[in-house]
Amino acid sequence: IKLNISFFIFASAASMNGYLSQNSSIKINGHKKTISGKLPEKVFCDLNILAKAPKSLIKAGIGDSMCFYSCFFDWYLAFKLCNYDFNYDMFLLLKDKMSDFVNNYNNFDISDTRLCKKVIEILLISGIGMTLCGSSSPASQSEHLIAHTIDMKYPQIAKKNLHGQIIAVTTIYSVELQQQILQNFFIYYQKLTNRIQPDYQKRIINFFGNKAALECIEEYDCKLERIKSLNKITKNDIEDITDNLNKFFLSSQKIKQIFNHFNISTNCQSLGLDDIKYIECANYAKFIRNRFTCLDLT
C-alpha cells in the first residue's frame, strides 16, 4: 500500500545511493523487485556526522558507487544488442565526479571528511539519475542482479552484510566478465542465442523455489523475446560497439586498487559464501529480471 506520506531524510552515513532515488528494492513472494516510491522533501547531509559513521558504512558507500562503470557497460550492451532504452545523459551526469574520485582516491583515507563529501555527492547524484531515468538502470545492472540473487537464495547471508559490501564483490565479478566480452565480443555475440537452455524453467524452479521462480520465469520470458530478435551485427560493427563500451569500462585491476586502498573486501568468502554457492548465484542471476546484461552472454 502506498501511503504517499511526506518525509525528510537526515543522512547518517554515505552508505548507499537511495537517498534521492524514487525507486525501492523490495522482495515480493521471495522475488526482488524495484518499485516506484515517493521522494523525500529534502535530504540533509552533515559532513561531520557522515565522517563519524562506522567505517563499514563508508566502505559500503564506496562499493555501491563503483558499480557506475559496470552498469553503463551493461546498459549500453543491452541497447546495442536488444534495443533496450539507453540514456547517455545519465552517464554524463556522474562521469566527471566518478573520474575525479578514481583519479584521486589515494589522496584520502576512510576517515577523511573530504572523502565523505565526494562519496555522498556521487551517491546523491546516482539517486537523482535513477529518478530522472524512471528506473534503476543507471545504477543497477549485472552486479546488482547477482546481489539480489544472493538475497533471494541466501537471505540470512544477505542480512549479515551491508548492500555496498555485496556490490563491491559482485562488481569485480561483472567487470572481469565484461573484460572477457570486450576481448572476444563477436564470439560471445554469435553464441548468445545458443546459450538459451530449453530446460531453463525447471532449473529456475529448482534453484529459487516455486513462488519466486514464477516471478523470475515471467521476467525472463520477456527478456527472451528480445534475445530471440537479436540485432544483426557484423564484424564491421564490432569496432564501433567496442569503442563505445570502452568509454564505460574500468578495469577490475583499477577497481581492486581502489577497494584495497580503503580495505574493502572483494572475495565472496568475506560475505560468508563459498566459491560454489557464489558462482551458482552469479549463473542464475540473469533469470531474475527483464534486464539484459553481460550475464546473458555466459
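Helix 3, residues 68-82, comprises 15 residues and extends 21 Å from its first C-alpha to its last, close to the 21 Å expected at 1.5 Å a residue. The model described here is a predicted one. Helix 3 is mostly covered, with 13 of its 15 residues buried.

Just after helix 3 comes Asn83, whose phi is positive at about 60°. Most residues other than glycine have a negative phi. Asn83 is a residue other than glycine, yet its phi is near 60°. The residue belongs to the loop between helix 3 and helix 4. Asn83 counts as partly exposed because its relative accessibility is 48%.

A further case of this backbone geometry is Asn263, which is not a glycine but has a positive phi of about 55°. Asn263 sits in the loop between helix 13 and helix 14. With a relative accessibility of 57%, Asn263 counts as exposed, the cut-off for that class being over 50%. The loop between helix 13 (252-261) and helix 14 also holds Gln269. Gln269 is classed as partly exposed, its relative accessibility being 43%. From Gln269 to Asn194 the separation is 75 residues in sequence and 32 Å in space, taken from C-alpha to C-alpha.

Helix 3 also leads to the interior of the model. Two cavities of 30 Å³ or more are counted. The largest cavity has a volume of about 120 Å³. Its lining consists of 17 residues, of which Phe68, Leu94, Ser126, Pro138 and Ala139 are the closest to the centre. Helix 2 (55-65), helix 3, helix 4 (88-104) and helix 5 (113-133) are the elements that each give two or more residues to this lining. Which element gives the most to the lining of the largest cavity? Helix 5 does, with five residues.

Helix 4 and helix 5 appear again among the charged contacts. The structure holds six salt bridges. In one of them, the side chains of Lys97 and Glu121 meet with an N to O distance of 3.1 Å. Lys97 lies in helix 4 and Glu121 in helix 5, so this salt bridge ties together parts of the chain that are 24 residues apart in sequence. Lys97 has a relative accessibility of 34% and therefore counts as partly exposed. Glu121 is likewise partly exposed, its relative accessible area being 23%; the buried class is reserved for values under 20%.

Glu121 has a further partner within helix 5. The side chains of Lys117 and Glu121 form a salt bridge at 2.7 Å, N to O. Because Lys117 and Glu121 are four residues apart in helix 5, about one helical turn separates them. Lys117 is partly exposed, with 40% relative accessible area.

Another salt bridge is formed by Asp296 and Lys223, whose closest N and O atoms are 3.1 Å apart. This pair links distant parts of the chain, 73 residues apart: Asp296 is in the segment after helix 14 (275-284), and Lys223 is in helix 11 (residues 210-228). Are these two partners buried or exposed? Asp296 is buried, with a relative accessible area of 3%. Lys223 counts as buried as well, because its relative accessibility is 0%. As for the partners described earlier, Lys97, Lys117 and Glu121 are joined into one network by salt bridges that share partners.

The surface offers a nonpolar feature as well. Phe8, Phe10 and Phe44 make a nonpolar surface patch of about 350 Å². Of these residues, Phe10 lies in strand 1, which spans residues 8-11. Phe10 counts as exposed because its relative accessibility is 63%.

Technical notes
Residues numbered from 1 in each chain as written. Predicted model: local features only at pLDDT ≥ 70, side-chain atom pairs only at ≥ 80, totals over all residues. Heavy atoms only, no water. Patch = residues over 30% accessible without salt bridge, like charges linked within 9 Å, V, L, I, M, F, W, Y side chains within 5 Å. Areas by Shrake-Rupley, 256 points an atom, 1.4 Å probe, with all protein chains shown as cover. Salt bridge = Lys/Arg side-chain N within 4 Å of Asp/Glu carboxyl O. Buried < 20%, exposed > 50% of the residue type's maximum accessible area, 1.4 Å probe, protein only. Expected span 1.5 Å × (residues − 1). 1 Å grid on protein atoms, 1.4 Å probe; cavity = no way out; pocket = protein on both sides within 12 Å on 5 of 7 lines; lining within 4 Å. Points joined across faces, edges and corners; volume = space filled by probe spheres on them.
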